[in-house]
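Have the sequence and the 3D view ready, and follow along at your own pace. This report walks through one protein chain, from the whole down to single residues.

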Amino acid sequence: MPLARSLSFTSLSGLEEWDEEFDREDAVLFEIAWEVANKVGGIYTVIQTKARLTCEEWGENYFLVGPYMESSVRTQVELIEPCNATLRRTIDKMNSSGCKVYFGRWLIEGSPYVILLDVGFTAWSLDRWKSELWENCGIGVPWFDREANDAVLFGFLTAWLLGEFAAQCDEPPHIVAHFHEWLAGLGLVLCRQRQLPVATIFTTHATLLGRYLCAGNVDFYNNLAEFNVDKEAGDRQIYHRYCLERAAARCAHVFTTVSQITAIEAEHLLKRKPDIVTPNGLNVKKFSAMHEFQNLHAQSKARIQEFVRGHFYGHLDFNLDKTVFLFIAGRYEFSNKGADIFLEALARLNYLLRVNHSDVTVIAFFIMPARTNNFNVETLKGQAVRKQLWDTAQTVKERFGKKLYESLLVGQLPDVSKMLDKEDFTMMKRAIFATQRQCLPPVCSHNMLEDSSDPILNCIRRIGLFNTAQDRVKVIFHPEFLSSTSPLLPMDYEEFVRGCHLGVFPSYYEPWGYTPAECTVMGIPSVSTNLSGFGCFMEEHIADPSAYGIYILDRRFRGVDESCNQLTSFLFQFCQQSRRQRIIQRNRTERLSDLLDWRYLGRYYVSARHMALAKAFPDKFIYEPQEPTSATGFRYPRPASVPPSPAHSLHSSPHHSEAEDEEEPYDEDLEAEKDRVNIRQPFNMPNRNKNQTVGLPEKN
């Protein structure tokens, strides 16, 4: 099935500028998600990073609604009294009726207001609300599904909040309620069932059934039209969840998804075509000088190299200056996230590097949380040995320096043979003996609880990548999220990404893909696929993505073996790049960050809210969407200077010298200026307070 363009907006040039204004004094926006001030998954990043832009648009009339999680509230939320009189009366009424509702400011950029609902405190109402759900909507929720039970409680509390707020308003309000994912979707269904004066939007970031089907090794995208969705959901014991998600999608005034690929999926599985595609963005912070982010890369890379020195002690027979760091990160979904194809490609890359006698070494990190006991003793020992060697070197250096200083003070050149005494040699020999190792460097940094059945470890055993001296590709599986307080690899995720050379995300199921987007913003090249929202978005807006360090792997129209060969080719080409070529490519990659800024992508959400207001309150608001136009005005052309990789280079050998690189023309400022004229200036939301308004397009 071809990836046909949606009738909704799919490119940055498909949205017009809004010049006319309308009175939004009586319009209020509630954004509801389980991930508000509650870090669970990628939706947390969406809500958190988008908050500043939405606050600028809606000012005091913007409220986030989420569950009350005490551990998160203590560190992320400042509890205060509501400033809005109507909302204060609403919360007081709910609290006096047996609820616990908290109000405060979320301590993130924009400091948005948050309303937190304590679902546990109202658990006594669960059976009554389940009965009401069955009687009014025909959806039954089993008692053993705790997550679905939380969704029921959260949904009824959200509908209660919106209904009470509407009742407390002195004049008929214009409320916009934006619901994210199925966990929050029941509140939308109840709003429509109770006929509340609320304009509703539902965004699915990934369909439930799609995620389950892809995890089951199904040829998903080529059989979307063939699935019996009710049977498939029932077979996987998620029919009640599927019904909640489908009901929310069908009942919403406006239905959105995060990418074109997910829009096609939602049309077949949820039986409604999305009205608008709302890609996910990030808050991009640009450096005043181009070289600043390159300096950060060098600093972070040095810290990763220190970890590698310890991890491979006794087997450090490769040159770290000619070592390339690759990584994959995310939820531990072995097939969905593409860890299976990445490992297979690494095995083939290892063969290619060996037969071509390459002096490049590749170290591939797998950052995927799994169940562990603790750190691997051998891994911890490696870091201890590295530190001991460093301390020994520092001690000898201080002694050497003192003797050198004293010799120079008396006006004599030092006798090098006398600078180090027997004690110094003894210390150094003991340090060298301490680096002797009887085993290979571990492929896993932790002790796994299910070592024998772990998919990554079993695949490593099958392909034979055991970090031997002959292997040009080394593997390190770190089954825990990165933290600056870790005794093993004390780095935050952002620092780690900056220090790597390439992010590899060959996902089979990736509705958007924040990991490659974060790489792009930090100037790190990445591999994505034409089955991920990010990959499709970049293909649409860049004439030659690989020239800008975005390698798009074809997993839709090629078989697994062909896709694996293509990924191997990408990795091998990347390993052939000179240091200067990698620097140029990072500069180009970082320039793409403008495409992922909420200042651009936030306009999709603005359009969705305008459309919902027009549908819910047609006597007050008018909205006529335009047909999408060509994305030509936003397409980055292929750079005409230095080839970013040997695949496009005139050199026939990967061993050409740095001197040859210097002769190739490259002007960073000129190239950046050409890119700037291919993209509009960011869409700036006007700052507003209670007495300011913003515009809604009215087309005649």
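What follows is a short tour of the overall make-up, the two sheets, a pair of helices and a few loop residues.

**The whole chain**

Please keep in mind that this is a predicted model. The protein chain contains 24 helices and 17 strands. It has 700 residues, and 58% of them count as buried. How much of the accessible surface belongs to carbon and sulfur atoms? The share is 51%, out of an accessible surface of about 29,300 Å². Now look at contacts between residues at least 6 apart in sequence: 76% of these join residues at least 24 apart.

**The sheet of nine strands**

Strands of a sheet pair through backbone hydrogen bonds, and the pairing can be parallel or antiparallel. One open sheet in this chain has nine strands in the order 3-4-5-2-1-6-7-8-9, and its pairing is mixed. At its edges are strand 3 (77-79) and strand 9 (276-277), each of which pairs on one side only.

Let's begin at the strand 3 end. Strand 3 and strand 4 run antiparallel and are joined by three bridges, with L79 standing opposite G104 in strand 4. Strand 4 and strand 5 also run antiparallel, joined by five bridges. Here F103 has I115 in strand 5 as its bridge partner. These two strands, 4 and 5, make a hairpin with six residues between them, and G110 in the turn has a positive phi of about 95°.

At the other end, strand 8 (residues 254-257) pairs with strand 9 in the parallel sense over two bridges. In this pair, T256 stands opposite I276 in strand 9. Helices pack on this sheet too. Helix 6 (residues 181-193) touches strand 1 (27-32), strand 6 (174-180) and strand 7 (198-204), and its direction makes about 155° with that of strand 7. Helix 10 (residues 260-269) touches strand 8 and strand 9, and the angle between its direction and that of strand 8 is about 125°.

**The sheet of six strands**

A further open sheet is formed by six strands in the order 14-11-10-15-16-17, with parallel pairing. Why is one side of strand 14 (473-478) and of strand 17 (550-553) left without a neighbour in the sheet? Both stand at the edges and have a single partner strand each, so one side of each stays unpaired in the sheet. On average, neighbouring strands of this sheet are turned by 25° against each other, direction ignored. For strand 17, the pairing with strand 16 (residues 526-529) is parallel and runs over four bridges. You can find S528 opposite I552 in strand 17.

**Two packed helices**

Two packed helices are described by the angle between their axes and the distance between the axes. Helix 7 (residues 208-215) and helix 9 (residues 239-251) pack at an angle of about 135°, and their axes are 9 Å apart. Helix 7 and helix 9 are therefore oblique to each other. Which residues make the contact? Helix 7 brings L208, L209 and Y212, while helix 9 brings R241, Y242 and E245. Sorted by class, the contact has four nonpolar, no polar and two charged residues.

**Residues in the loops**

Most residues other than glycine have a negative phi. A37 and S111 each have a positive phi instead. A37 lies in the loop between strand 1 and helix 1 (42-58), whereas S111 lies in the loop between strand 4 (101-106) and strand 5 (113-117). The table sets their values side by side.

| Residue | Phi | Relative accessibility | Class |
|---|---|---|---|
| A37 | near 50° | 1% | buried |
| S111 | near 45° | 28% | partly exposed |

One more loop residue is worth finding. L316 is placed in the loop between helix 11 (291-311) and strand 10 (323-329). Is L316 buried or partly exposed? With a relative accessibility of 37%, L316 counts as partly exposed. Leaving aside residues up to four places away in sequence, L316 touches V308 and R309. L316 and A469 are 153 residues apart along the chain, and their C-alpha atoms are separated by 8.6 Å.

Definitions and conventions. Residues numbered from 1 in each chain as written. Predicted model: local features only at pLDDT ≥ 70, side-chain atom pairs only at ≥ 80, totals over all residues. Heavy atoms only, no water. Pairing = 2+ DSSP bridges. Axes fitted to C-alpha atoms, helices over the stretch in contact; angles between N-to-C directions. Contact = heavy atoms within 4.5 Å. Buried < 20%, exposed > 50% of the residue type's maximum accessible area, 1.4 Å probe, protein only. Areas by Shrake-Rupley, 256 points an atom, 1.4 Å probe, with all protein chains shown as cover. Parallel < 35°, antiparallel > 145°, perpendicular 65-115°, else oblique. Nonpolar A, V, L, I, M, F, W, Y, C, P; charged D, E, K, R; others polar.
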